[in-house]
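User: I've got this model open and I'd like to go through the fold with you, bit by bit. Can we start with the odd spots and then move on to the packing?

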Amino acid sequence: MTTMRLAVASDHAGFYLKGRAIEDLRKMGHEVFDLGTDSPAPADYPLYAKAVAQAVLQGTVERAILICGSGAGACVAANKFKGIRAATCHDSFSARQCVEDDNVNVLCLGSRVIGAELALELIHDYLSANFSGAERHRRRLAEVAGFEESFGK
């Protein structure tokens, strides 16, 4: 697996899993930007979704990992940013396929849904996957990008 520049962020529910993920990613040789939160005190996931989205869209990082309790709220918030393709994944197939077919750039995980070992496996699957570039996938992503343009996202 090629090393990457990655952003990792979480709300309070994902704080401990975020620490574990960052430790693992750094051991793998990735350059990791910890975008918060910095404690298990209550924190709002939209703030961290915004930080991750900005890092991806500005090119500071190649991909990102965003963790909240379910993975759903953070995913919804991240997908509000034009150019972000976030997916909540709780299985290996989805963690690979979301990149291969949909060129996902933000992986969302639910710390209250899956354990740390599975989360680390999913992160590895996500990072080792590459966009296929198949014509049908490029066409579909262009359609999605068209939605962003049409609705002024």
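User: Where is threonine 37 found?

Analyst: Keep in mind that this is a predicted model. The peptide bond leading from glycine 36 into threonine 37 is cis, and its omega is near -5°. As for its place in the fold, threonine 37 is found in the loop between β2 and α2 (45-57).

User: Which loop does asparagine 103 lie in?

Analyst: Asparagine 103 is another backbone oddity to look at. Its phi is positive, about 50°, although asparagine 103 is not a glycine. The residue lies in the loop between α4 and β5.

User: Is asparagine 103 buried, exposed or partly exposed?

Analyst: The cut-offs matter here: buried means under 20% relative accessible area and exposed means over 50%. Asparagine 103 has 26% relative accessibility, so it counts as partly exposed.

User: And valine 104, is that buried or exposed?

Analyst: Valine 104 has its place in the loop between α4 and β5. Leaving aside neighbours within four places in sequence, its contacts are Arg63, Arg85, Ala86, Ala87, Cys98, Val99 and Tyr126. Its relative accessibility is 6%, so valine 104 counts as buried.

User: How far apart are the C-alpha atoms of valine 104 and serine 94?

Analyst: Along the chain, valine 104 and serine 94 are ten residues apart. In space, their C-alpha atoms are separated by 11 Å.

User: On to the sheet. What is the order of the strands?

Analyst: The sheet is open and has five strands, with parallel pairing. Its edge strands are β2 (31-34) and β4 (86-88), each of which pairs on one side only. From one strand to the next the twist averages 20°. Reading across, the order is β2-β1-β3-β5-β4.

User: Over how many bridges do β1 and β3 pair?

Analyst: Strand β1 covers residues 5-10 and strand β3 covers residues 63-68. One bridge in β3 has leucine 66 as the partner of alanine 9. The two strands pair in the parallel sense, and the number of bridges is five.

User: Which residue in β2 stands opposite valine 8?

Analyst: β1 also pairs with β2 in the parallel sense, over four bridges. β1 is mostly covered, with five of its six residues buried. Opposite valine 8, in β2, stands aspartate 34.

User: At what angle does α5 run to β5?

Analyst: α5 lies across three strands, β1, β3 and β5 (106-110). Relative to β5, the helix runs at about 165°.

User: Are α4 and α5 roughly parallel or roughly antiparallel to each other?

Analyst: Helix α4 (residues 92-102) and helix α5 (residues 116-128) have axes that come within 8 Å and cross at roughly 25°. The crossing is right-handed. Angles under 35 degrees count as roughly parallel. Therefore α4 and α5 are roughly parallel.

User: How do the residues of the contact of α4 with α5 divide by class?

Analyst: On the α4 side you have Ser92, Ala95, Arg96, Cys98 and Val99, which meet Glu121, Leu122, Asp125 and Tyr126 in α5. Sorted by class, they come to five nonpolar, one polar and three charged.

User: What about α1 and α5, what is the handedness of their crossing?

Analyst: α1 and α5 pack with their axes 10 Å apart, at an angle of about 50°. That angle makes α1 oblique to α5. As α1 passes α5, the crossing is right-handed.

User: How many nonpolar residues does the contact of α1 with α5 have?

Analyst: From α1 come Leu17, Arg20, Ala21, Asp24 and Leu25, and they meet Ala116, Glu117, Ala119, Leu120, Ile123, His124 and Leu127 in α5. One residue in this contact is polar and three are charged, and the nonpolar count is eight.

User: Last one: is leucine 17 buried or exposed?

Analyst: Leucine 17 is found in helix α1 (residues 15-27). Not counting residues up to four places away in sequence, leucine 17 touches Ile67, Ser111, Ala116 and Ala119. With 10% relative accessibility, leucine 17 counts as buried.

Conventions
Residues are numbered from 1 along each chain as its sequence is written. This is a predicted model: local features need pLDDT of at least 70, side-chain atom pairs count only at pLDDT 80 or more; totals for chains, interfaces and linings use all residues. Side-chain values use heavy atoms; hydrogens and water are left out. Axes are lines fitted to C-alpha atoms, for helices over the stretch in contact, and angles run from 0 to 180 degrees between N-to-C directions. Angles under 35 degrees count as roughly parallel, over 145 as roughly antiparallel, 65 to 115 as roughly perpendicular and the rest as oblique. A crossing is left-handed if the near helix is turned anticlockwise from the far one by less than a right angle, and right-handed if clockwise. Contact means heavy atoms within 4.5 Å. Ala, Val, Leu, Ile, Met, Phe, Trp, Tyr, Cys and Pro count as nonpolar, Asp, Glu, Lys and Arg as charged, and the others, Gly among them, as polar. Two strands pair if DSSP finds at least two bridges between them. Buried means under 20% relative accessible area, exposed over 50%, partly exposed in between (1.4 Å probe, protein chains only).
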